[in-house]
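Here's a set of short exercises with worked solutions. Take a look at the model first, then work through each task before you read on.

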Amino acid sequence: MPNHTNIRFLGAAQNVTGSSYLVEHKDQRVLVDCGLYQERKYRDRNWAPFAVDPGSIDAVLLTHAHLDHCGLLPKLAREGFSGPIYCTPATAAITRIVLLDSARIQEEDAEYKRRRHQREGRTGPHPEEPLYTEEDAERTLPLLRAVGYESPAPITDSISASFFEAGHILGSSMIRLELEGMAVGSGPGNGRPDESRSVVFSGDIGQWDKPIIEDPTVFSDADYLVMESTYGDRTHEDPGEVEDLLAEAVNTTHRAGGNLLIPSFALERTQEVLYHLNRLLQSDRIPHLMVFVDSPMAISVTEVFKDHPELFDEAMQELMEEGHSPFSFSGLKMTRSVDQSKAINHIRGTSIIIAGSGMCTGGRIKHHLVHNIYRKESTILFVGYQAEGTLGRHILGGAKEVRILGQTWRRKANIRRISGFSAHADQFALLRWLGGLKRPPRRLFLTHGEAEAIRVLADKIEQEKGFKPYVPEYGERMAFD
Ligand SMILES: [Zn+2]
Ligand SMILES: [Zn+2]
């Protein structure tokens, strides 16, 4: 281990997934996030050995429960990490759901690959074993340690950490590390061994005035900042439009007599859709229809929301106090079992069906698509990003014929999209977040963004704030002084 305090960028360096940063300070190692790579071109990195022996890491700090931040934890635990994983209580609860689900998918994928290779008589670049198993995930869960917001926790002898609201998803945090006893300067009289340094990790920065959860925390000072830049080159649509567009989709589909299918991510997006639907119902802008959340994972995550009303923003608190919870209104049905799910297709008239997966790559949405894609009365409403090569993107792209579950269907259903939903700060909000600083940091590192988004944001910061951010390479190590 180098004897100088340093940070290593082990992921999300000029790309958006695989978040992972290692801080080494006084023989102590702390890992901030341990994310899965989800971009196709970087997936090999999931299989690469960790940069350091997992057994030598003292603790992991987790910003939030998205897979690109927590998804490699079971592999870390299998390969020898047995220390604590600190995160907020809601993040701990959601991480349990997310990791078990991810492990199940890893196992299914490996099994599918094994059968395909057998059929084709070949082997692939990676072993036909899962990246990790449900057993590995189970081994990881007892390591989770819940820490509340804004209460400093000692992590090692000379590192403490505090978690702050990030406004991104329920339980999401920004993490501030205090590194005590920095060996600054050298020689008698020069050395001031008692100095400390603060390092703020932005995690994923949310949008201001997002529904349900509170706004991102702004920091007035930090010696070092590691900041995400996903939408560093973009400005989001006015979120005010979301409800108008949603009302129109519901009403048009209701008049036509079809179903409204909403492919949605289980975590946060589903709950936001429910929030808006409930508001539209309250103000009589849409009729009282059956609303199904047809995803066991989304139902479990919604339970975590219900368990943490203390994390709700003022508007949401008010709704709850008035008895208008977006998670239990008349007509809302949570369908956990397969039988309940199948029964939805026998209902006549218009239903609103929210199901995963968000990009239609798997899950129950596929069955609902089979029952609705050929019906000109039905509507498929996309509320999230559709990556290239996914079924969702294909449908959104206007395909006339679509292959689902081994059969080809003529697409007659209407396709709509609302792009105003976003869990990430846009360029304006990123600059707003940085605007809290009273003085420039010793160094600002831009991570968690494509090279172009980072370049545009870096230029903007230099123009507006007068200091130049640093853009680390994958695996690069930088000393703190
Ligand atoms: Zn995230
Ligand atoms: Zn992320």
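**Exercise 1.** Work out how the donor residues of the zinc ion (ligand 1) are spaced in sequence.

*Solution.* Start with the spacing: it reads H-x1-H-x101-H-x35-D. Now put names to the letters: the zinc ion (ligand 1) is held by His64 (NE2), His66 (ND1), His168 (NE2) and Asp204 (OD), at 2.1 to 2.3 Å. Donors here are N, O and S atoms within 2.8 Å of the metal (3.2 Å for Na, K and Ca), and water is not among the atoms, so sites may look incomplete.

A word on ground rules: this is a predicted model, where local features need pLDDT of at least 70 and side-chain atom pairs count only at pLDDT 80 or more, while totals for chains, interfaces and linings use all residues. Residues are numbered from 1 along each chain as its sequence is written, chains are lettered from A and ligands numbered from 1 in the order in which they are written, and side-chain values use heavy atoms, with hydrogens and water left out.

**Exercise 2.** Classify the geometry around the zinc ion (ligand 1), then place His66 and His168 in the chain.

*Solution.* First, the angles: the four donor atoms subtend 92 to 163°, so the arrangement is irregular. For reference, four donors are tetrahedral if all angles lie between 85 and 135 degrees; four are square planar and six octahedral if opposite donors are over 155 degrees apart and all others between 65 and 115; anything else is irregular.

Next, the chain: His66 sits in the loop between strand S4 (59-61) and helix H1 (67-70), and His168 in the loop between strand S8 (159-165) and strand S9 (173-184), so the pair ties together parts 102 residues apart in sequence. Those elements are DSSP runs numbered from the N terminus: helices (H or I, at least four residues) and strands (E, at least two).

Last, accessibility: His66 is partly exposed at 21% relative accessibility, whereas His168 is buried with 1%. Buried means under 20% relative accessible area, exposed over 50%, and partly exposed in between (1.4 Å probe, protein chains only).

**Exercise 3.** Find the residue that bridges the zinc ion (ligand 1) and the zinc ion (ligand 2).

*Solution.* Begin with the protein donors of the zinc ion (ligand 2): Asp68 (OD), His69 (NE2), Asp204 (OD) and His448 (NE2), lying 2.1 to 2.4 Å from it. Asp204 is the bridge, and the two ions lie 3.5 Å apart. Asp204 is in the loop between strand S10 (192-201) and strand S11 (224-228), and His448 in the loop between strand S20 (443-447) and helix H13 (451-465), 244 residues apart. Both Asp204 and His448 are buried. With angles of 91 to 157°, the site of the zinc ion (ligand 2) is irregular too.

**Exercise 4.** Count the aromatic pairs and classify Phe305 with Phe327.

*Solution.* Rings of Phe, Tyr and Trp (its six-membered ring) pair if their centres lie within 6.5 Å; planes under 30 degrees apart are stacked, over 60 edge-to-face and the rest tilted. The count is 10 aromatic pairs. For Phe305 and Phe327, the centres are 5.7 Å apart and the planes at 70°, so the pair is edge-to-face. Phe305 belongs to helix H7 (residues 296-307), and Phe327 to the loop between helix H8 (314-321) and strand S14 (332-334), 22 residues apart. Both Phe305 and Phe327 are buried. Elsewhere, ring pairs link Phe9, Tyr21, Phe201, Phe445 and Tyr470 into a cluster.
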